[in-house]
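Let's take a walk through this structure together, one residue at a time. We'll start at a single spot and work outwards from there.

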Amino acid sequence: SSSSNGNNSTLLFADWLAIDPSTGWLRANRLLDREAIVEVVATVEVTDGRFTDQSSVRVQLMDVNEFQPIFTLGANRSATVPENSDVSVLMVAEDADFSDQVLAYSLVSVDSVPSAAAAAA
């Protein structure tokens with residue numbers, strides 16, 4: 001859908017895109033957030049007063065990493081396990097940027113507390 005913005009200098013398309021009717025420059029009417037919208041598709045028409053032509057334009061948004069990942073499970077977690085057994089603690093994080101984003105986990109430091117017997121020796 002299109003409508004005039006009052007001064008006839010710009011036509012609005014679905015409140016997302018605008019085109020300058022004199023130059024053909026297409027621009028966004030608002031900041032486009034990748035987490036809210038993946039792409040905008042519009043049909044643009046040009047006329048010389050007698051003949052017209054139409055073309056579609058697709059604007060695909062690239063995600064920008066604007067949020068930090070946050071631990072949702074396992075943050076500052078403690079586990080008690082029997083000696084001489086495997087240790088398994090699940091750490092889960094999420095990133096609000098994009099649901100298909102791959103997160104990488106790594107150990108930053110590992111500290112151990114010696115037993116009283118080992119400390120006395």
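Start with Ser 55, which counts as partly exposed at 43% relative accessibility. Keep in mind as you look that this is a predicted model. Ser 55 sits in strand β6. Leaving aside residues up to four places away in sequence, Ser 55 touches Ala 42, Thr 43 and Val 44. Take Val 44 from that list: its C-alpha atom is separated from that of Ser 55 by 5.3 Å, with the two residues 11 apart along the chain.

What joins β5 to β6? The two strands run antiparallel, and 9 bridges hold the pairing. They form a hairpin with 4 residues between them, and in the turn you'll find Gly 49, which has a positive phi of about 100°. To get a feel for how the strands line up, look for Glu 45, which stands opposite Gln 54 in β6. Then find Glu 39, which stands opposite Gln 60 in β6. As a rule, the side chains in a regular strand alternate between the two faces of the sheet.

How open is β6? Of its 9 residues, the number buried is 0, so β6 lies largely in the open. That goes along with what we saw for Ser 55, which is partly exposed.

Stay with Glu 39 for a moment, because there's another partner to meet. Side chains of opposite charge can pair when their charged atoms come close. Here the side chains of Glu 39 and Arg 58 meet in a salt bridge, at 2.7 Å from N to O. Glu 39 belongs to strand β5 (residues 39-47) and Arg 58 to strand β6 (residues 52-60), so the salt bridge ties together parts that are 19 residues apart in sequence. Are these two residues buried or exposed? Glu 39 counts as partly exposed, at 28% relative accessibility, while Arg 58 counts as exposed, at 52%. The cut-off for exposed is over 50%, so Arg 58 at 52% is on the exposed side of it. How many salt bridges does the structure hold in total? The count is 1.

Now follow the chain onwards from β6. In the loop between β6 and β7 you come to Val 64. This valine counts as exposed, at 54% relative accessibility. The C-alpha atoms of Val 64 and Asp 33 are separated by 9.1 Å, and the two residues are 31 apart along the chain.

Next up is a pair of aromatic rings. Such a pair is described by the distance of the centres and the angle of the planes. The count of aromatic pairs here comes to 1. The ring centres of Phe 71 and Tyr 105 are 6.3 Å apart and the planes stand at 50°, so the pair is tilted. It links distant parts of the chain: Phe 71 is in strand β7 (residues 70-73), while Tyr 105 is in the loop between β8 (92-94) and α1 (116-120), 34 residues away. Both rings have some surface showing: Phe 71 is partly exposed, with a relative accessible area of 43%, and Tyr 105 is partly exposed too, at 46%.

Which residues make the nonpolar surface patch of about 530 Å²? Phe 71 and Tyr 105 turn up again, along with Val 81, Val 87, Val 89 and Met 91. Val 81 is found in the loop between β7 and β8, and it is partly exposed, with a relative accessible area of 38%.

That loop between β7 and β8 also holds Asn 84. Asn 84 has a positive phi of about 60°, although it is not a glycine. Asn 84 is exposed as well, with a relative accessible area of 79%.

Finally, step back and take in the whole chain. It has 1 helix and 8 strands, and from the N terminus on, the elements run β-β-β-β-β-β-β-β-α. Of the 121 residues, 12% count as buried. The accessible surface comes to about 10,200 Å², and 52% of that belongs to carbon and sulfur atoms. As for contacts with a separation of 6 or more, residues 24 or more positions apart account for 28% of them.

How values were computed: Residues are numbered from 1 along each chain as its sequence is written. This is a predicted model: local features need pLDDT of at least 70, side-chain atom pairs count only at pLDDT 80 or more; totals for chains, interfaces and linings use all residues. Side-chain values use heavy atoms; hydrogens and water are left out. A salt bridge is a side-chain nitrogen of Lys or Arg within 4 Å of a carboxyl oxygen of Asp or Glu. Buried means under 20% relative accessible area, exposed over 50%, partly exposed in between (1.4 Å probe, protein chains only). Rings of Phe, Tyr and Trp (its six-membered ring) pair if their centres lie within 6.5 Å; planes under 30 degrees apart count as stacked, over 60 as edge-to-face and the rest as tilted. Patches are made of residues with over 30% relative accessible area and no salt bridge: like charges are joined within 9 Å, nonpolar side chains (Val, Leu, Ile, Met, Phe, Trp, Tyr) within 5 Å. Accessible areas come from the Shrake-Rupley method with a 1.4 Å probe; for residues, only the protein chains shown count as cover. Contact means heavy atoms within 4.5 Å. Two strands pair if DSSP finds at least two bridges between them.
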